[in-house]
Amino acid sequence: MRTKRRVILITDGDESACKAVEQAAKEIGGRCITQSWGNPTVLTGEEIVSHIQKTPHDPVLVMFDDCGFRNEGPGEAAMRYVATHPEIDVLGAIAVASATHSSEWTKVDISLDRYGHLTEFGVDKDGLADLEIGRINGDTVYVLDELNIPVIVGVGDIGKMAGLDTVEKGAPITKKAVEIILERSGYHE
């Protein structure tokens, strides 16, 4: 019997996010499905699951992006497929804030601001604490509330946040968000 692959979903897929997610995966000893990057997501859910199943070990970080598409776009359709696949165990999701023109939002369990501080408030694209508790606005987050995701961490724009999450700095906010999901999901137990 095949073991379920343990996956972290990330709701961003532009070039900066890709570099930051690759860096975070490397630092935590995980794997990143680099082919999942794109703005918007170009791979189907089936193709992403195929890539996940070929990785040598967990945890597997996967990016999804709608590029501002209103309602369920290609990134969210692929995410829904991956998250509900019987051979995938979703450990958590990183919900990325954006300055989207649509009004998509999702509940988050905790957020990280651009300085790496935990906050009960959502954060904006720049990684600054927002006004609402436990909620983040983004363009690929609509479907998260419909999925059974144990831990959702809100962050600003991955790989950016006023230069505080760049690869050159080790993508510290992205890495910390991944570490929070691993800790709260019981991955290391």
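## Elements and loops

Helices, which are H or I runs of at least four residues, and strands, which are E runs of at least two, are taken from DSSP and numbered from the N terminus. The model described here is predicted.

With the elements named in this way, two cis peptide bonds can be placed in loops. One joins Asp-58 and Pro-59, with omega at about -10°, and Pro-59 is found in the loop between H2 and E3. Another joins Asn-39 and Pro-40, where omega is about 10°; Pro-40 belongs to the loop that runs between E2 and helix H2 (45-54).

## The sheet

Seven strands form an open sheet with mixed pairing, in the order E2-E3-E1-E4-E11-E6-E7. At its edges are strand E2 (31-32) and strand E7 (118-119), each of which pairs on one side only. The pairing of E6 with E7 is antiparallel and extends over 2 bridges, and in E7 it is Thr-119 that serves as the bridge partner of Ser-111.

## Helix H4

Helix H4 lies across E1, E3, E4, E6, E7 and E11, and runs at about 140° to E4. Its 14 residues should span 20 Å at 1.5 Å a residue, and because the end C-alpha atoms are 20 Å apart, the expected and modelled spans agree. The buried residues of this helix are Ile-173, Thr-174, Ala-177, Val-178, Ile-180, Ile-181 and Leu-182. After H4 comes Gly-186, with a positive phi near 80°.

Two residues that are not glycines also have positive phi: Ala-162, at about 60°, and Ala-171, at about 45°. Ala-162 is placed in the loop between E11 and H4, and the loop between E11 and H4 is likewise the place of Ala-171. Their surroundings can be set side by side: Ala-162 counts as exposed because its relative accessibility is 56%, whereas Ala-171 is buried, with a relative accessible area of 0%.

## Nonpolar cores

The largest nonpolar core has 29 residues, of which Ile-8, Ile-10, Ile-94, Val-153, Val-155 and Ile-158 touch the most other members. Two or more residues of this core come from each of strand E1 (5-10), helix H1 (15-28), strand E3 (60-63), strand E4 (88-96), strand E6 (110-112), strand E11 (152-155) and helix H4 (172-185). There is also a second, separate core of 28 residues, which includes Ile-52, Val-82, Ile-88 and Ala-97.

Val-155 gives a more local view of the packing. Leaving aside residues up to four places away in sequence, Val-155 touches Ile-94, Ala-95, Val-96, Ala-97, Leu-112, Val-123, Ile-136, Met-161, Ile-173 and Ala-177. Among these contacts, Ile-173 and Ala-177 are also listed with the buried residues of H4. As a general tendency, nonpolar side chains in soluble globular proteins are buried together.

## Cysteines

How many disulfides does a search of the whole structure find? The search finds 0. For Cys-18 the closest cysteine sulfur is that of Cys-32, at 5.5 Å, which is too far for a bond, given that a disulfide requires the two sulfur atoms to be within 2.5 Å. Cys-32 is accordingly in no disulfide, with the sulfur of Cys-18 as its nearest cysteine sulfur.

Are these two cysteines buried or exposed? Cys-18 counts as buried because its relative accessibility is 6%, and Cys-32, at 17% relative accessibility, counts as buried too, since the cut-off for that class is under 20%.

Terms used: Residues numbered from 1 in each chain as written. Predicted model: local features only at pLDDT ≥ 70, side-chain atom pairs only at ≥ 80, totals over all residues. Heavy atoms only, no water. Core = buried A, V, L, I, M, F, W, Y, C linked by side-chain atoms within 4.5 Å. Buried < 20%, exposed > 50% of the residue type's maximum accessible area, 1.4 Å probe, protein only. Contact = heavy atoms within 4.5 Å. Pairing = 2+ DSSP bridges. Axes fitted to C-alpha atoms, helices over the stretch in contact; angles between N-to-C directions. Expected span 1.5 Å × (residues − 1).
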